[in-house]
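Colleague: Please take a close look at one part of this protein for me, the place where two of the domains meet. I would like one connected account rather than a list.

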Amino acid sequence: MANDRRSIFAEAFLPRHHRLSEDVAGAGWSEDKTGRMITITTTDALQTFCDRAAKSPYVTVDTEFLRERTYYAKLCLIQIAIPGDAEEDAVLVDPLEGELSLDPLYALFRDTSVVKVFHAARQDLEIFCVEGGVIPAPLFDTQVAAMVCGFGEQVGYETLVRKIAKASIDKSSRFTDWSRRPLTDAQKSYALADVTHLRVIYEQLSTQLARSKRTDWVEEELSVLTDPATYRVDPVEAWRRVKTRTNSGKFLAIVAALAEFRERYAQERDVPRSRVFKDDALVELASTKPQNEKDLGRSRLLLREARRGDIADGILAAIRSGMEVEPADYPRIDGSRDHLQINPALADLLRVLLKAKAEQSGVAQKLIATSSDLDMIAAGELDVHALSGWRRKVFGEDAMKLVEGRAGLVAKGGDVVVFDLG
């Protein structure tokens with residue numbers, strides 16, 4: 001499969017144009033007053049476009065959504081483009097207008113002959129995974145690819161548009177309510193730019209990766225994004241995101257019970273967890289352990305609507321449940337790193353090595369190894385992300401030589417060089 005994907009990525013920039021047939025154009029399609037932006041509002045029109053897209057080597061995809069008032073993102077718009085410069089080669093799909101099923105798009109996402117190109121794909125993929133039960137494959141994320149190709153850490157789309165596509169983006173519609181209709185021409189133009197320039201960016205990055213034989217590196221990095229488990233939130237594990245100042249087992253048991261109730265309540269009613277109660281209120285409740293609604297009324301941080309009704313009942317039940325947890329079943333924070341015997345001098349040398357290797361390879365430092373990785377290596381840990389896969393060749397092998405005293409570092413001009421100690 002890896003070889004097939006390499007072939008797809010390497011050939012995906014070859015131009016193939018498939019024009020919309022005259023007999024189907026128009027049904028479920030609308031154009032702005034300039035005639036340059038097409039919006040799809042029916043399933044038949046989406047099917048027509050996806051049939052064309054299935055004959056293309058790749059499609060570029062982006063979404064606009066809102067999630068300020070909901071637990072799950074509300075999909076407001078999908079932008080899709082295929083190779084070509086015709087008006088119908090880049091379209092907007094509006095799930096809020098008309099009768100529209102996204103099934104044709106989901107079928108395209110499952111078509112492994114077409115590469116699906118996104119930039120910073122995680123939130124887009126979460127939407128499609130939750131709403132359609134599908135993760136596009138094969139996937140190409142230009143943000144990840146850019147980090148491998150030397151464009152720095154977490155490079156933004158606008159930066160790539162400027163540096164690769166030699167264009168600029170009108171930012172006036174960046175902060176907009178994408179759920180309101182009708183959309184303005186400025187909004188549509190802004191949205192389409194997220195996929196039209198992406199074609200040029202993808203073609204250059206995929207070519208550069210093929211030339212440097214680093215396509216597999218990107219594949220490895222995308223394994224997390226293509227795992228459905230990435231987008232599942234288990235209420236039982238929700239407590240791990242809550243920051244507390246104590247590791248007391250009894251206290252954490254109440255925190256875990258409250259966090260689980262909040263997560264389930266938010267998921268079932270599709271409201272943000274902060275609308276149920278915020279983290280600071282959760283920690284306060286775990287500390288004060290209110291026993292009834294009167295006690296809840298004394299909370300400084302609990303929202304007024306959470307002091308009665310279903311939320312209040314859930315809070316009180318969660319506190320009782322947490323207090324009944326046996327010591328053997330208390331939640332435990334992983335404190336393994338707290339006991340690491342880190343050699344600070346060695347950790348500093350590893351940071352120098354990482355910087356040198358990142359500059360030599362043209363790969364963002366953060367992508368190769370995190371500060372936590374370096375501390376663990378300096379403490380003698382071997383089960384570290386930075387010591388496996390492509391990272392081992394770029395950084396890990398020399399890092400282990402340094403740790404084991406088999407190599408040293410020397411400055412030569414403006415470069416840092418690794419030398420063997422024999």
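Modeller: What follows is an account of the interface between domain 1 and domain 3, with some notes on the rest of the chain.

This is a predicted model, in which local features need pLDDT of at least 70 and side-chain atom pairs count only at pLDDT 80 or more, while totals for chains, interfaces and linings use all residues. Residues are numbered from 1 along each chain as its sequence is written, and side-chain values use heavy atoms, with hydrogens and water left out.

The protein is divided into domain 1 (8–14 + 34–231), domain 2 (235–324) and domain 3 (344–420); these bounds come from an automatic or database domain assignment. Between domain 1 and domain 3, the C-alpha centres are 35 Å apart. Eleven residues of domain 1 and twelve residues of domain 3 take part in the contact, where contact means heavy atoms within 4.5 Å.

The size of an interface is often given as the accessible area lost when the parts come together. Here domain 1 and domain 3 bury about 970 Å² between them, and 59% of that is on carbon and sulfur atoms. Buried area is the accessible area (1.4 Å probe) that two parts lose on being put together, summed over both. On the domain 1 side, the residues that lose the most area to domain 3 are Met147, Glu153 and Trp217, which together make up 47% of what that side buries.

The polar part of the interface comes next. Seven residue pairs, both members at pLDDT 80 or more, are in polar contact across it. A polar contact is a pair of N or O atoms within 3.5 Å; within protein, one must be able to donate a hydrogen and the other to accept it, and residues adjacent in sequence count only if both atoms are side-chain atoms. Helix H5 (142–148) and helix H8 (215–221) are the elements that give two or more residues to the side of domain 1 that touches domain 3. H8 gives the most to that side, with three residues. By type, the residues of this side are four nonpolar, three polar and four charged. In that count Ala, Val, Leu, Ile, Met, Phe, Trp, Tyr, Cys and Pro are nonpolar, Asp, Glu, Lys and Arg are charged, and the others, Gly among them, are polar. Helices (H or I, at least four residues) and strands (E, at least two) are DSSP runs, numbered from the N terminus.

There are two salt bridges between domain 1 and domain 3, a salt bridge being a side-chain nitrogen of Lys or Arg within 4 Å of a carboxyl oxygen of Asp or Glu. Arg391 forms a salt bridge with Glu220, with the closest N and O atoms 3.8 Å apart. Arg391 also forms a salt bridge with Glu221, with the closest N and O atoms 2.7 Å apart. Because Arg391 lies in helix H17 (residues 389–403) and Glu221 in helix H8, this pair ties together parts that are 170 residues apart in sequence.

Some backbone features also deserve a note. Lys213, in the loop between H7 and H8, has a positive phi, near 60 degrees. The peptide bond from Ala137 to Pro138 is cis, with omega near -10 degrees.
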